[in-house]
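Student: I would like to go through this model with you, beginning with its charged pairs. Could you take my questions as they come?

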Amino acid sequence: MPRWSSRPSDKPAERPRGLFGRALGLPGRTKLLIAVGVVLVAMVATRGCTGTDVSEERAVATARAALDSHPRAFVPEKTQARVLRQGFPSRPMWVVVFTVDGPEGGPGDFLHKADIWVDAGTGELEQVIVHDPDRE
């Protein structure tokens, strides 16, 4: 008598366990759709998290206008702008730093320095700090 039979087994087939096992058991088309969905969600999430609706040029222009109207205004030689996140919940802020280097030229030597914070989402001026090198 043959050892195999054409009738189905009484024992049910073992199914993959866990979420990962079930995902591996899905047909190829379903896996592809899930992968595309995850990539799209990730792209939308990272794009929405930046929150920098204000360009660097606009932030520098806003900061320059604030510096020009400050009582201790000066004409900057160097300009640096960076986006940082500040506060809780954190908000993106442009930090624009205007400097005039000192005669010794060291990294901490400056004749004039101003740190100006501009909201990267709205373009509103948040804070103006003009350092006085004589007091520091």
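Student: How many salt bridges are there?
Tutor: This is a predicted model, and the count in it comes to four salt bridges.

Student: Which residue does Asp-68 meet in a salt bridge?
Tutor: The side chain of Asp-68 meets that of Arg-64, with an N to O distance of 3.3 Å. Both residues belong to helix H3, which covers residues 56-68. They are four residues apart there, so about one helical turn separates them.

Student: And are those two buried or exposed?
Tutor: Neither label fits: Asp-68 is partly exposed, at 46% relative accessible area, and Arg-64 is likewise partly exposed, at 30%.

Student: What about Asp-101, which residue is its salt-bridge partner?
Tutor: Asp-101 forms a salt bridge with Lys-78, and their closest N and O atoms are 3.0 Å apart. Asp-101 lies in strand E2 (residues 91-101) and Lys-78 in strand E1 (residues 78-86), so this pair ties together parts that are 23 residues apart in sequence. Asp-101 is partly exposed, with a relative accessible area of 30%, and Lys-78 is also partly exposed, at 44%.

Student: Which residue does Arg-91 form a salt bridge with?
Tutor: The partner of Arg-91 is Asp-119, with 3.1 Å between the closest N and O atoms. This pair links distant parts of the chain, as Arg-91 is in strand E2 and Asp-119 is in strand E3 (residues 110-119), 28 residues apart.

Student: Why is Asp-119 classed as buried?
Tutor: Asp-119 has a relative accessible area of 7%, and buried means under 20%. Arg-91, by contrast, counts as partly exposed at 37% relative accessibility. Salt bridges that share partners join Arg-91, Asp-119 and Glu-126 into one network.

Student: Let us leave the charges. Which residues form a nonpolar patch on the surface?
Tutor: Leu-26, Ile-34 and Val-38 form such a patch, with about 250 Å² of accessible area together. Val-38 lies in helix H2, residues 28-50, and counts as exposed at 54% relative accessibility.

Student: How do E1 and E2 run, parallel or antiparallel?
Tutor: E1 and E2 run antiparallel and are joined by nine bridges. Within this pairing, Val-83 stands opposite Trp-94 of E2.

Student: What do the two strands form, and what is in the turn?
Tutor: E1 and E2 form a hairpin with four residues between them. The turn contains Gly-87, which has a positive phi of about 90°.

Student: Going inside now: how many residues does the largest nonpolar core have?
Tutor: The largest nonpolar core has 15 residues, and those with the most contacts inside it are Leu-67, Phe-74, Trp-94 and Phe-98. H3, E2 and E3 are the elements that give two or more residues to this core. E2 supplies the largest share, four residues.

Student: So Trp-94 comes up twice?
Tutor: Indeed. Trp-94 stands opposite Val-83 in the strand pairing, and Trp-94 is also among the residues with the most contacts inside the largest core.

Student: One last residue: where does His-131 lie?
Tutor: His-131 lies in strand E4, which covers residues 125-131. With a relative accessible area of 18%, His-131 is buried.

Student: And which side chain does His-131 contact?
Tutor: A polar contact of 2.6 Å joins the side chain of His-131 to that of Asp-115.

Terms used
Residues are numbered from 1 along each chain as its sequence is written. This is a predicted model: local features need pLDDT of at least 70, side-chain atom pairs count only at pLDDT 80 or more; totals for chains, interfaces and linings use all residues. Side-chain values use heavy atoms; hydrogens and water are left out. Buried means under 20% relative accessible area, exposed over 50%, partly exposed in between (1.4 Å probe, protein chains only). Patches are made of residues with over 30% relative accessible area and no salt bridge: like charges are joined within 9 Å, nonpolar side chains (Val, Leu, Ile, Met, Phe, Trp, Tyr) within 5 Å. Accessible areas come from the Shrake-Rupley method with a 1.4 Å probe; for residues, only the protein chains shown count as cover. A polar contact is a pair of N or O atoms within 3.5 Å; within protein, one must be able to donate a hydrogen and the other to accept it, and residues adjacent in sequence count only if both atoms are side-chain atoms. Two strands pair if DSSP finds at least two bridges between them. A nonpolar core is a set of buried Ala, Val, Leu, Ile, Met, Phe, Trp, Tyr and Cys residues joined through side-chain atoms within 4.5 Å.
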